[in-house]
Amino acid sequence: MLTILAVKALPAKSTKYEHMDPDNPGFGVAVTPNGRKSFIYRYRVGGRGGTLRRMSLGSIESTTLKKARGAYQKARKQLEEGIDPLEAKAEARREEEQNLTFGALAQQYLSQYAAHKRTGAEDERILNHDVLPRWGKLKAKAIRKRDVVVLLDKILERGANTQANRTFACVRKVFNWAAQKDLVEGSPCAGIKAPSKERTKDRVLTDDEIRALWNLPGLSPKMRVALRLQILLGARIGEIVGMRWDEIDTTA
């Protein structure tokens, strides 16, 4: 029987290969050339001469051997009952997406997308403060343009015009991301403008003021670099100090 020690010991080869469990027909591990290992169920639809299919049961990083074997046994039972396990999995996913709440959608957005962005913490704050209390239990696909308008009007009523704009931008990002992932058919934010016009700041620094800031004494080397980058790029200081190397194009 396949053991986790045996799975971890499987070497990577020049081409992808599959190592099958002799005690569980169709159950095995697929190993890619870069060493990635995933549990699989290999079966045929239509009997011995039917179409060969492969069903992923999860990578060894995302699941355990016990859980993968349990998923295999469930899939094998479905096949014995005349059900294609892959089709059943796809149907279950479609049903789950139909019933996906905005709360669950927001959590996926935050963990899969926003967590890797500088604005992630702010997005989470906005969603928790104004959006999830109203929409958390609603089906994501049921949210319409009118729901967005009502949400923003409620924020405007308390005089938080800038917050209304930030909330609208965040909600739009969530739905745009969800649409790209095919979790919703489209965004209810389409066709809606920012709820409030923000004041623009026309004040600009003079040449003398820029020179004074550029040569400002008493700064540490890191703060001096951050300040000069802020002057050159016109970015907020929080954006400057939060920059990562993968966000900087050194080829330009």
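1. Let me start with helix α4, residues 102-112, in this predicted model. Its buried residues are Phe102, Gly103, Leu105, Ala106, Tyr109 and Leu110. They sit on the same side of α4, because the arc they cover around the axis is only 160°. As for what lies over them, the cover includes α5 (120-135) and α7 (161-180).

2. Staying with α4, have a look at glutamine 108, which belongs to this helix. Is glutamine 108 buried, partly exposed or exposed? With a relative accessibility of 24%, glutamine 108 counts as partly exposed, because the cut-off for buried is under 20%. Setting aside residues up to four places away in sequence, glutamine 108 touches Leu100, Tyr113, Trp177 and Leu183. For a sense of distance, isoleucine 155 is 47 residues from glutamine 108 in sequence, and their C-alpha atoms are 25 Å apart.

3. Now the whole chain. The secondary structure comprises 10 helices and 4 strands. Reading along the sequence gives the pattern α-β-β-β-β-α-α-α-α-α-α-α-α-α, with the strands following one another after a single helix.

4. On overall dimensions, the radius of gyration is 26 Å, whereas a compact globule of 252 residues would have one near 18 Å. The C-alpha trace spans about 80 × 50 × 30 Å along its principal axes. Of the 252 residues, 31% count as buried. Taking contacts between residues at least 6 apart in sequence, 48% join residues at least 24 apart.

5. The sheet is pleasantly simple to describe. Its 4 strands make an open sheet with the order β1-β2-β3-β4 and antiparallel pairing. At the edges are β1 (17-20) and β4 (51-59), each of which pairs on one side only. From one strand to the next, the twist averages 35°.

6. Take the β1 and β2 pair next. These strands pair in the antiparallel sense over 4 bridges, and histidine 19 stands opposite valine 29 in β2. They form a hairpin with 6 residues between the strands, and glycine 26 in the turn has a positive phi of about 90°.

7. How many bridges join β2 to β3? There are 5 between β2 (residues 27-31) and β3 (residues 37-45), and these strands run antiparallel. Valine 29 has phenylalanine 39 as its bridge partner in β3, so please read this together with the previous point: valine 29 also stands opposite histidine 19. Glycine 28, for its part, has isoleucine 40 as its bridge partner in β3. The hairpin of β2 and β3 has 5 residues between the strands, and in its turn glycine 35 has a positive phi of about 90°.

8. The pairing of β3 with β4 is antiparallel and is made by 8 bridges. Here isoleucine 40 turns up again, standing opposite serine 56 in β4. This hairpin has 5 residues between the strands, and glycine 46 takes a positive phi near 95°. A glycine with positive phi is thus reported for the hairpin of β1 and β2, for that of β2 and β3 and for that of β3 and β4.

9. I would also point you to the burial of β2. All 5 of its 5 residues are buried. In a regular strand, side chains alternate between the two faces of the sheet. In β2, Phe27, Val29 and Val31 are buried on one side, and Gly28 and Ala30 on the other, which leaves both faces covered. Helix α2 (residues 65-80) lies across β2, β3 and β4 and runs at about 10° to β3.

10. Last, a polar residue worth a click: aspartate 84, in the loop between α2 and α3 (85-98). Is aspartate 84 buried or exposed? Its relative accessible area is 13%, so aspartate 84 is buried. The side chain of aspartate 84 makes a polar contact of 2.4 Å with the side chain of arginine 53. Apart from neighbours within four places in sequence, aspartate 84 is in contact with Tyr43, Val45 and Arg53.

Note on methods:
Residues are numbered from 1 along each chain as its sequence is written. This is a predicted model: local features need pLDDT of at least 70, side-chain atom pairs count only at pLDDT 80 or more; totals for chains, interfaces and linings use all residues. Side-chain values use heavy atoms; hydrogens and water are left out. Two strands pair if DSSP finds at least two bridges between them. Helices (H or I, at least four residues) and strands (E, at least two) are DSSP runs, numbered from the N terminus. Axes are lines fitted to C-alpha atoms, for helices over the stretch in contact, and angles run from 0 to 180 degrees between N-to-C directions. Contact means heavy atoms within 4.5 Å. Buried means under 20% relative accessible area, exposed over 50%, partly exposed in between (1.4 Å probe, protein chains only). The arc is that of the directions from the helix axis to the C-beta atoms. A polar contact is a pair of N or O atoms within 3.5 Å; within protein, one must be able to donate a hydrogen and the other to accept it, and residues adjacent in sequence count only if both atoms are side-chain atoms. The radius of gyration is taken over C-alpha atoms; the globule rule is 2.2 Å times the number of residues to the power 0.38.
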